[in-house]
Amino acid sequence: MFIKEVLIRKIPEAVDKKALAVFYNRCLADCANLCFQGTFCPADIQRNKYGQPYIAVESHQQIHLSLSHSGEYLAAMACSMPCGVDIERVKERPYLEMWQEIRHRIEPKEPSNLADFYQYWTRKEAAWKVFACQAPATMKDLPVVCDRSLAYKGVILKNLEGPIGYALSIAHL
């Protein structure tokens, strides 16, 4: 499945960690190929000092990549600028308490329901990945309202439709 900048795939069952790492890199390469009409392979994927995947394409240029997995699915993203993707399986949890731990002061006092919480959660995770999970220091300092003028360092956020029972968001500069 290919949704805009995101490739979504079902994670294979009963594979070891090494085979899973190869699968993840294959998905990242496939996403880069779809987005940039390339012929990239898993061996083209490199990691920066923070562990973020990318593909070097020309001198000092790169395709930025992001990966997320939850439950049965993986989401991969490729972009010409720093990006992040997050997919989360929606499951019952004490989301009102969790929200207070990650809520920025300009965000709603509380999400309207569990699905709304997960959309905020995935936006925060995706946005944090744009900045290599290095800035800001905490999720609480990262506003993820979908108004670019209020967004952290101008990050662009989008909620996407993922598989049934999952929340999916992307972010990029």
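Is Cys79 buried or exposed? With a relative accessible area of 10%, Cys79 is buried, since residues under 20% fall in that class. This value, like the others below, comes from a predicted model. The mean pLDDT of the protein is 92, and 97% of its residues reach 70 or more. Confidence varies among the elements: strand β7 (residues 83–89) has the highest mean pLDDT, at 97, while strand β1 (residues 2–3) has the lowest, at 42.

The cysteines make a helpful starting point. Cys83 has a relative accessibility of 3% and therefore counts as buried. The closest cysteine sulfur to that of Cys79 belongs to Cys83, and the separation of 5.1 Å is too far for a bond. Seen from the other side, the sulfur of Cys83 likewise has Cys79 as its closest cysteine partner, at 5.1 Å. A disulfide would require the two sulfur atoms to lie within 2.5 Å. In keeping with this, a search of the whole structure finds zero disulfides.

Attention now turns to helix α3, which covers residues 114–130. Its 17 residues should span 24 Å at 1.5 Å a residue, and the end C-alpha atoms are 25 Å apart, in agreement with that expectation. Of these 17 residues, 15 are buried, so α3 is largely enclosed by the rest of the structure. At the N-terminal end, Asn113 acts as a cap: one of its side-chain oxygens lies 3.1 Å from the backbone nitrogen of Ala115. Beyond the helix comes Ala132, which has a positive phi, near 60°.

Helix α3 also carries a charged residue worth a look, Lys124. Despite the usual picture of a lysine side chain, no appeal to the surface is needed here: Lys124 counts as buried because its relative accessibility is 1%. Its side chain makes a polar contact of 3.2 Å with the side chain of Glu107. Elsewhere, the charged end of Arg123 sits over the ring of Tyr120, at 4.4 Å from the ring centre.

Aromatic residues supply a further theme, as the structure holds seven aromatic pairs. One of them joins Phe23 and Tyr24, whose ring centres are 6.3 Å apart; the planes meet at 55°, so this pair is tilted. Both partners are enclosed: Phe23 is buried, at 16% relative accessible area, and Tyr24 counts as buried at 14%. Another pair is formed by Phe117 and Trp121, with ring centres 5.8 Å apart and planes at 45°, so it is tilted. Phe117 and Trp121 both belong to helix α3 and lie four residues apart, about one turn of the helix. Phe117 and Trp121 are each buried. Together with Tyr95 and Tyr118, Phe117 and Trp121 form one aromatic cluster.

A link to another helix is given by Trp99, which is found in α2 (residues 95–102). Trp99 has a relative accessibility of 0% and so counts as buried. Although Trp99 and Trp121 are 22 residues apart along the chain, their C-alpha atoms are separated by 8.4 Å.

How values were computed: Residues are numbered from 1 along each chain as its sequence is written. This is a predicted model: local features need pLDDT of at least 70, side-chain atom pairs count only at pLDDT 80 or more; totals for chains, interfaces and linings use all residues. Side-chain values use heavy atoms; hydrogens and water are left out. Helices (H or I, at least four residues) and strands (E, at least two) are DSSP runs, numbered from the N terminus. The expected span of a helix is 1.5 Å times one less than its number of residues. Buried means under 20% relative accessible area, exposed over 50%, partly exposed in between (1.4 Å probe, protein chains only). A polar contact is a pair of N or O atoms within 3.5 Å; within protein, one must be able to donate a hydrogen and the other to accept it, and residues adjacent in sequence count only if both atoms are side-chain atoms. Rings of Phe, Tyr and Trp (its six-membered ring) pair if their centres lie within 6.5 Å; planes under 30 degrees apart count as stacked, over 60 as edge-to-face and the rest as tilted. A charge sits over a ring if NZ of Lys or CZ of Arg is within 6 Å of the ring centre and within 35 degrees of the ring normal. pLDDT is the predictor's confidence in each residue, from 0 to 100.
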